[in-house]
Every structure is written in structure tokens, then in C-alpha cells.
Amino acid sequence: MKHALPLLFCCAAALPALAQPAPQTAQIRQEPQSGLPSYATVATAIVGAPLVIDARIGDVIRIKENAAPDLAAGRARLYVTADVLALIRGSSALPTRISYLADVPLDSRGKVPKLKKQRVLLFARAVANRPGEVQLTGIDSQYLWTPELDARTRGIIREVLASDAPPAITGIGNAFHVPGALPGEGETQVFLKTANGAPISLQILRRPGERPHWGVSLGDIVDPNAGAPKRDTLAWYRLACGLPKTLPDSAVNAETSDNAEAARQDYQLVLRDLGPCA
């Protein structure tokens, strides 16, 4: 997945003590593109991060390589402290200053980039029994702060925390196809598995001479008038990034071969309309 803003540094474990070897850290990459990260990029960071922090980098201390196990070539491991400007997401208060480890790509001269005073958004988790330390949740868990990114992040967090938020999709339950009375007419229903057990289903309707219509129902009642979710919404993200690439055979094992094939084709129609999770 490509990311639009340059990543200053990424995932690392919390620092137990500067004198001790740092825990293994994830590899990182630096993206040269500029612009606003995609909805899916930001949503992926948010759903995996109990904490979303607006911060300004303060002090940076480089850790010696012999105390930085598994450090990739061309990178430096840093102990970073940052001032918390705002806790955008989190269930408990944070100290005004936090710290964490970061593996940073060296610049073209082999030097550590200048990070002090940079304003960033962090996607992180707390470290048990260390209230002043956080751990970034992934290799793409920190971005340069911009007003546009801040607005997108806050908007997605509101969607994620809403009482009627669509849950994460974990798989396909079952699917069936009912042919119509006319050639080319039929309806497919696909029932999805979700992380919290909440029902979600897809309905695909074909009529001769018309463009196929599909929709998603969030709830126990299948709504024949439901439409497809708008792009760059949480419902779109859950489907585009959560649905498997093919309809599993287990979902249509009770169907005839013709009906099973029709269900598979209708499922692919949904995936094409959703577009890639990117």
C-alpha cells in the first residue's frame, strides 16, 4: 500500500533503559510522495491504534549500534521524546511528554535527519506500567502533521467510535443465488462474518437490460433497496479492505453448479465496484 506523506520514522518498541539492548523493531521505509494519505491508509492506522497523538518532537538521542539489535542497514535507532499537543484518541490521559524508540532511515550523506521540532501524528499503544512511554503500532504509524491529515484522522475516528459503526469483516458465511423467470435475471445474497457477530449482508440484483445493482444491509433485516456504500466511508473501507478476493467454495456448497457460479460472478462485481483497498 502506498502512503502519501513522508514517514519520519516508524514502529519501535518502548525503551526499557538506554543501557539495555532495544527490543526488536519493525523495518521502516520512507516515502518520497507528498499529499494526503488515502482514506484506507489512515483508517488502517486508526483501527490498529488505541492512541492517536498530535505531538511535537523534542529531544532525539541516537543509540549505539551495539545496543540496537536487528537494526537494518542504512538506519539509526533513536530514543525520541515528544511533547503531547493533543490526544485525539485514547481512553486515559497521557503525560505532557512521552518517549519511544524509532528506527530512522539515514539521509543521502549517511546522517540522521533533523527531527527536532517536527509536528507529527502518532498511531500508538500504551506500554504497561510505563505511563510516559508509547509504542508505535506499525511501520507506517507516524506522519508529518497537516491540517488536512488532522481533519481526515478526526473524521475517521468519529466513524470508528460511533455506536452504529460497521464492524470488521472476518470472512464469508454463506451465499446463495436465485435465478429469475427471465434469462439474465437473478438475485444473489452473501452473508458476512464479522468481528463482533453483527450481521452484514450483500445483495446483488440483475435484471435484463439493466445495469446490475448491489447494496449492503447492516443489520438482521435484508433491505432490498439498500445501496452500495460511498467511497471513503467506514462501510466502504470494511468491505474493500475486509472481503476475501474470491467467494470460498464452502459458502456455496449447497448450491447447484450454475447457481454457485452465478454467485461467484456477482461477488466479483461487488469487488470491482468497491475498488482496491489502497
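A residue is described as buried when its relative accessible area is under 20%, as exposed when that area is over 50%, and as partly exposed in between. With these terms fixed, the single disulfide of this predicted model can be placed. Cys 241 has a relative accessible area of 29%, so this residue is partly exposed, and Cys 277, with a value of 23%, is likewise partly exposed because its area falls between the two limits. A disulfide is, in general, a covalent bond between the sulfur atoms of two cysteines. In the pair formed by Cys 241 and Cys 277, the sulfur atoms lie 2.0 Å apart. The torsion about the S-S bond of Cys 241 and Cys 277 is about 90°, and the disulfide is therefore right-handed. The bond links distant parts of the chain, since Cys 241 belongs to helix H3 whereas Cys 277 is found in the segment after H4, 36 residues apart.

The chain as a whole contains four helices and ten strands. Read from the N terminus on, these elements follow the order α-β-β-β-β-β-β-α-β-β-β-β-α-α. The chain has 278 residues, of which 44% count as buried. When contacts between residues at least 6 apart in sequence are considered, 65% of them join residues that are at least 24 apart.

Nonpolar side chains tend to be buried together in soluble globular proteins. In the present model, the largest nonpolar core has 42 residues, and the members that touch the most other members are Leu 192, Leu 202, Leu 239, Leu 243 and Leu 247. Helix H4, which spans residues 257–274, provides the largest share of this core, namely seven residues. A second core, separate from the one just described, consists of 19 residues, including Val 80, Ala 82, Ile 98 and Leu 115. The surroundings of one member of the largest core, Leu 247, can be given in detail: when residues up to four places away in sequence are not counted, Leu 247 touches Ile 172, Ala 175, Val 190, Val 252, Ala 263, Arg 264 and Tyr 267.

Helix H3, which holds one cysteine of the disulfide, is mostly covered, with seven of its nine residues buried. The buried residues of H3 are Leu 234, Ala 235, Trp 236, Tyr 237, Arg 238, Leu 239 and Ala 240.

Empty space within a protein can be found, in general, by rolling a probe the size of a water molecule over the atoms. By the rule applied here, one cavity of 30 Å³ or more is counted, and the largest cavity encloses about 40 Å³ of space. The lining of the largest cavity is made up of Pro 166, Pro 167, Ile 169, Ile 200, Val 216, Leu 218, Ala 235, Arg 238 and Leu 239. Two or more residues of this lining are given by strand S10 (213–218) and by helix H3 (234–242), and the largest share, three residues, comes from H3. In terms of residue character, the lining divides into eight nonpolar residues, no polar residues and one charged residue.

Three further residues illustrate how position in the chain, accessibility and contacts can be read together. Thr 153 is found in helix H2, which covers residues 147–161. The relative accessibility of Thr 153 is 0%, and this residue therefore counts as buried. Apart from its neighbours within four places in sequence, Thr 153 is in contact with Val 42, Ile 46, Val 52, Leu 121 and Phe 123.

Asn 259 lies in helix H4. Because its relative accessible area is 17%, Asn 259 is also classed as buried. The contacts of Asn 259, when residues up to four places away in sequence are not counted, are with His 177 and Pro 179.

Gly 227, by contrast with the helical positions above, lies in the loop between S10 and H3. At 35% relative accessibility, Gly 227 lies in the range between the two limits and so counts as partly exposed. With residues up to four places away in sequence set aside, Gly 227 touches His 213, Trp 214, Gly 215 and Val 216. The C-alpha atom of Gly 227 is separated by 9.9 Å from that of Ile 204, a residue 23 places away along the chain.

Terms used
Residues are numbered from 1 along each chain as its sequence is written. This is a predicted model: local features need pLDDT of at least 70, side-chain atom pairs count only at pLDDT 80 or more; totals for chains, interfaces and linings use all residues. Side-chain values use heavy atoms; hydrogens and water are left out. A nonpolar core is a set of buried Ala, Val, Leu, Ile, Met, Phe, Trp, Tyr and Cys residues joined through side-chain atoms within 4.5 Å. Buried means under 20% relative accessible area, exposed over 50%, partly exposed in between (1.4 Å probe, protein chains only). Contact means heavy atoms within 4.5 Å. On a 1 Å grid over the protein atoms alone, a cavity is a set of points where a 1.4 Å probe fits but cannot get out, and a pocket is an open set with protein on both sides within 12 Å along at least five of seven lines; lining residues have an atom within 4 Å of a point. Grid points are joined across faces, edges and corners, and a volume is the space filled by probe spheres set on the points. Ala, Val, Leu, Ile, Met, Phe, Trp, Tyr, Cys and Pro count as nonpolar, Asp, Glu, Lys and Arg as charged, and the others, Gly among them, as polar. A disulfide is a pair of cysteine sulfur atoms within 2.5 Å.
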